[in-house]
Amino acid sequence: MLQKFNEANKDIYVWVGNGLIHRDEAKVSVFDSVVQGGDAVWEGIRVYREGILKLDEHLNRLFDSAKALAFRGIPDRTFIVDAIHATLQKNKMYQDTHIRLTLTRGKKITSGMDPRLNQEGCTLIVLAEWKKPVYDNQKGIDVITSHIRRNGPQFLDSKIHHNNLLNNILAKIQANIANVDAALMLDDRGFAAELNGTNLFMIKNYVVYTPRAVACLPGITRQHIIDICQDNEIPCFERDISLTELYAADSVFCTGTMGELTPIRSIDQREMAFKGDHSLFQQIHQLFNISLKGFCTPLV
Ligand code: PMP
């Protein structure tokens, strides 16, 4: 799975700071914190025909992450929502769109790590692109276990959705070398945490399990699946999951804005998907597709 350049995105406009600019001119300063230290937070958001999925939840997580990193001069919710709508309008994007929303600590007066060098407030970037879900949800994906551990609160809390993605990128490089789609990352104790860019679920004997959010991003799609299970009386538990349990599961799937729900076909060359009874996975997938309409903020 390697994304290709989409000609439809050739002339898109991107929101940077206070306004829209053609993608060829869209830039941040070399003094910006995201350049200096990956010092930024972000959200991946999807736009459907029905509107922007779980916009409030994404903005809540963005604000929580920015607060944890003690950003100052954070634009308010109305400003960000208006910037998103203005970007979608300018690009005439009403469906099949992925928004990469980034908030950096902003421009520094000189290079350096100290947040006191940031005296202009945050930089907002709204990058909206035509993009269908990245994974093939019919075929599924193959994954390997990476030796790179997903960090938990003892190092850099995975609950902060920050731009320091290097350990996930290193894991993805391992997956590329192994010629598979994604890397499964373990937590510091050796239990499954998540994939390098999506959350993880398994089904065993008609019960759904997902790792506790100790060393994974508390994904918005992940929570949506937990809620769907609860609403439909499907047993679903958050608990530690070992690799051996994953290998022996009836179905394993990953969740995230970029790929929605994707079955995992193999883990470390142990065949997974399509081997047993996947009716529960299919039911959850269907419930997810049906539920989308109810959780979208309409476009203006
Ligand atoms: N895990 C990681 C590491 C991610 O980067 C993401 C998406 N940004 C997810 C999981 C999925 O989260 P969500 O469902 O909120 O898109």
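**Notebook: pockets, cavities and the ligand**

I started with the lining of the largest pocket and looked up which element gives the largest share: it is α4, with 5 residues. A reminder to myself before going on: this is a predicted model.

**Entry 1, the largest pocket.** I read off a volume of about 1100 Å³ for the largest pocket. Its lining has 44 residues, and those closest to the centre are Trp 42, Arg 100, Asn 196, Gly 197 and Met 258. Next I checked which elements supply at least two residues each to this lining. The helices among them are α2 (55-68), α4 (166-177) and α5, and the strands are β3, β5 (97-104), β6 (123-130) and β13 (251-256). I also sorted the lining by class and found 22 polar, 14 nonpolar and 8 charged residues.

**Entry 2, the ligand.** Where does the ligand sit? I found that the space it takes is the largest pocket, the one I had just gone through. I counted 16 residues around the ligand, with Arg 61, Glu 194, Ile 220, Thr 221 and Thr 257 as the closest. By class, this shell holds 10 polar, 3 nonpolar and 3 charged residues.

Then I went through the polar side chains facing the ligand atoms. For Thr 257, an N or O atom of the side chain is 2.6 Å from a ligand oxygen. For Arg 61, I noted a polar side-chain atom 2.9 Å from an oxygen atom of the ligand. His 161 goes with a nitrogen atom of the ligand instead, and its polar side-chain atom lies 3.0 Å away. How much of the ligand does the protein cover? On its own the ligand has 390 Å² of accessible area, and the protein covers 94% of that.

**Entry 3, the largest cavity.** I turned to the cavities and got a count of 2 at 30 Å³ or more. The largest cavity holds about 110 Å³ of space. I wrote down its lining: Arg 46, Tyr 48, Leu 53, Lys 54, His 58, Ile 220, Thr 221, His 224, Gly 256, Thr 257, Glu 260 and Phe 288. Two elements give two or more residues to this lining, β3 (40-48) and α5 (220-231). Which of the elements gives the most? It is α5, with 3 residues. The classes come out as 5 polar, 4 nonpolar and 3 charged.

One thing I marked for a second look on screen: Ile 220, Thr 221 and Thr 257 line the largest cavity, and these three are also listed among the residues closest to the ligand.

**Entry 4, the second largest cavity.** I found a volume of about 40 Å³ here. The lining is made of Asp 187, Arg 189, Phe 191, Ala 192, Ala 193, Pro 211, Arg 212, Val 214, Ala 215, Asp 240 and Ile 241. How many of these residues are polar by class? None are; I get 7 nonpolar and 4 charged residues.

**Entry 5, the second largest pocket.** Last on my list was the second largest pocket, with a volume of about 350 Å³. I counted 17 lining residues, and Gln 3, Lys 4, Asn 6, Trp 130 and Lys 131 are the closest to its centre. Here β6 gives the most to the lining, with 3 residues. I had already met β6 as one of the elements along the largest pocket. The class split for the second largest pocket is 9 nonpolar, 5 charged and 3 polar residues.

Definitions and conventions: Residues numbered from 1 in each chain as written. Predicted model: local features only at pLDDT ≥ 70, side-chain atom pairs only at ≥ 80, totals over all residues. Heavy atoms only, no water. Near = heavy atom within 4 Å. Polar contact = N/O pair within 3.5 Å; in protein donor to acceptor, adjacent residues only side chain to side chain. Areas by Shrake-Rupley, 256 points an atom, 1.4 Å probe, with all protein chains shown as cover. 1 Å grid on protein atoms, 1.4 Å probe; cavity = no way out; pocket = protein on both sides within 12 Å on 5 of 7 lines; lining within 4 Å. Sits in = over half its atoms within 2 Å of the grid points. Nonpolar A, V, L, I, M, F, W, Y, C, P; charged D, E, K, R; others polar. Points joined across faces, edges and corners; volume = space filled by probe spheres on them. Helix = DSSP H or I, 4+ residues; strand = E, 2+ residues; numbered from the N terminus.
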